[in-house]
Amino acid sequence: MPELPDLEIYKENLKSKILNKKIIGASVLKPQVLKQLSASNFNRKTVGKTVKNIERQGKFLVFNFSSKEKMVIHLMLYGQLQWVKTTEKKSADACLILEFKDNSLRFVDGTAWMKVTFDSKEIDKVGLEPLSVEFTKEKLQKILKKKRLGNVKERLVDQKLIAGIGNAYVDEILWKARIHPARVASLLKNNEIKSLYQAIPKILREAVGEVRKRLKGEVSGEPRDFLAIHRKKECPQCGAKIKRIELNKKGTYFCPSCQK
Ligand SMILES: [Zn+2]
């Protein structure tokens, strides 16, 4: 699943391709991806309109239309956006298409789990943005101490608390902060919260730069080769063998010697 750095670059690259360009056609091939939205309404809300701005909120992409309406997209596990020549053959996995003058934006998902809606209440539930000025040590502390029980990994990937961190980047962040993923969040010490507070934006900002280099203007892809710990074999810090455990039913990677 794409996480904050991936989505941040999709946003950047989409903006350079579609902003202020007129949508001349729309197709709904798999209507099940539309939520609270009929195919005819999707067409009516998009055709003849332009996208004025694109934002990322947590793991959502938000297209702000000239009509003042907002289209909210969640790619879920397998969804992808593809920017192609309109004449290019459609894959059987295409769910939605927005057609521009020569190119089209295709919403592709073999599982059709991606979600597209014009109902913006979905984004009202998104938690604190870790790269915004609102992200303070005090707020992070509050999030960690919110419940007495529950591990720190679980707390950091809760989209209603902090936005955009998923299973890959949480491993990187906890490794950077030298905290074991299964530690009880509410019992972290002050200096550990401080390390975590520094690691979160550092890891995410660096990743945004790495993803930008690798996607080269594309609007899909999840480059992970530059990560230090997630799905890796050896800790780049100490050389120890990286351990994989199941935590909250998700594969979790950590260094048993660096992370306590
Ligand atoms: Zn290590």
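Axes here are lines fitted to C-alpha atoms, for helices over the stretch in contact, and angles run from 0 to 180 degrees between N-to-C directions. With that in hand, welcome to this predicted model. Helix 1 (residues 4–18) lies across strand 2 and strand 3, and runs at about 175° to strand 2. The points below take the sheet, then two helix pairs that share helix 7, then an annotated stretch of the chain.

**The sheet and helix 1**

- Four strands, in the order 2-3-4-8, make up an open sheet with antiparallel pairing.
- At the edges sit strand 2 (51–57) and strand 8 (115–117), each of which pairs on one side only.
- On average, and with direction ignored, neighbouring strands of this sheet are turned by 15° against each other.
- Six bridges join strand 2 to strand 3 (residues 60–65), and the two pair in the antiparallel sense.
- If you would like a residue pair to look at, R56 has L61 in strand 3 as its bridge partner.
- Helix 1 lies across these two paired strands, strand 2 and strand 3.

**Helix 6 against helix 7**

- Two packed helices are described by the angle between their axes and the distance between the axes.
- For helix 6 (residues 167–176) and helix 7 (residues 190–215), the axes come within 9 Å and cross at roughly 130°.
- An angle over 115 but not over 145 degrees counts as oblique, and helix 6 and helix 7 are therefore oblique to each other.
- The crossing in which helix 6 passes helix 7 is right-handed.
- From helix 6, the residues Y169, E172, I173 and K176 meet A199, I200, K202, I203, L204 and A207 of helix 7.
- Sorted by class, this contact of helix 6 with helix 7 has seven nonpolar and three charged residues, with no polar ones.

**Helix 4 against helix 7**

- Helix 4 (residues 137–145) also packs with helix 7, at an angle of about 115° and with the axes 10 Å apart.
- Helix 4 and helix 7 cross in a right-handed way.
- On the helix 4 side the contact is made by K137, L140, Q141 and L144, and on the helix 7 side by I193, K194, L196 and Y197.
- The residues in this contact of helix 4 with helix 7 divide into five nonpolar, one polar and two charged.

**The annotated stretch**

- An unreviewed UniProt entry carries the annotation "domain: FPG-type" for residues 228–260.
- Over residues 228–260 the chain is 30% strand and 0% helix.
- The C-alpha atoms at the two ends of residues 228–260 are 17 Å apart.

Terms used:
Residues are numbered from 1 along each chain as its sequence is written. This is a predicted model: local features need pLDDT of at least 70, side-chain atom pairs count only at pLDDT 80 or more; totals for chains, interfaces and linings use all residues. UniProt positions are given in the numbering used here, feature names are shortened, and annotations may be inferred rather than shown by experiment. Angles under 35 degrees count as roughly parallel, over 145 as roughly antiparallel, 65 to 115 as roughly perpendicular and the rest as oblique. A crossing is left-handed if the near helix is turned anticlockwise from the far one by less than a right angle, and right-handed if clockwise. Two residues are in contact if their C-beta atoms, placed from the backbone, lie within 7 Å. Ala, Val, Leu, Ile, Met, Phe, Trp, Tyr, Cys and Pro count as nonpolar, Asp, Glu, Lys and Arg as charged, and the others, Gly among them, as polar. Two strands pair if DSSP finds at least two bridges between them.
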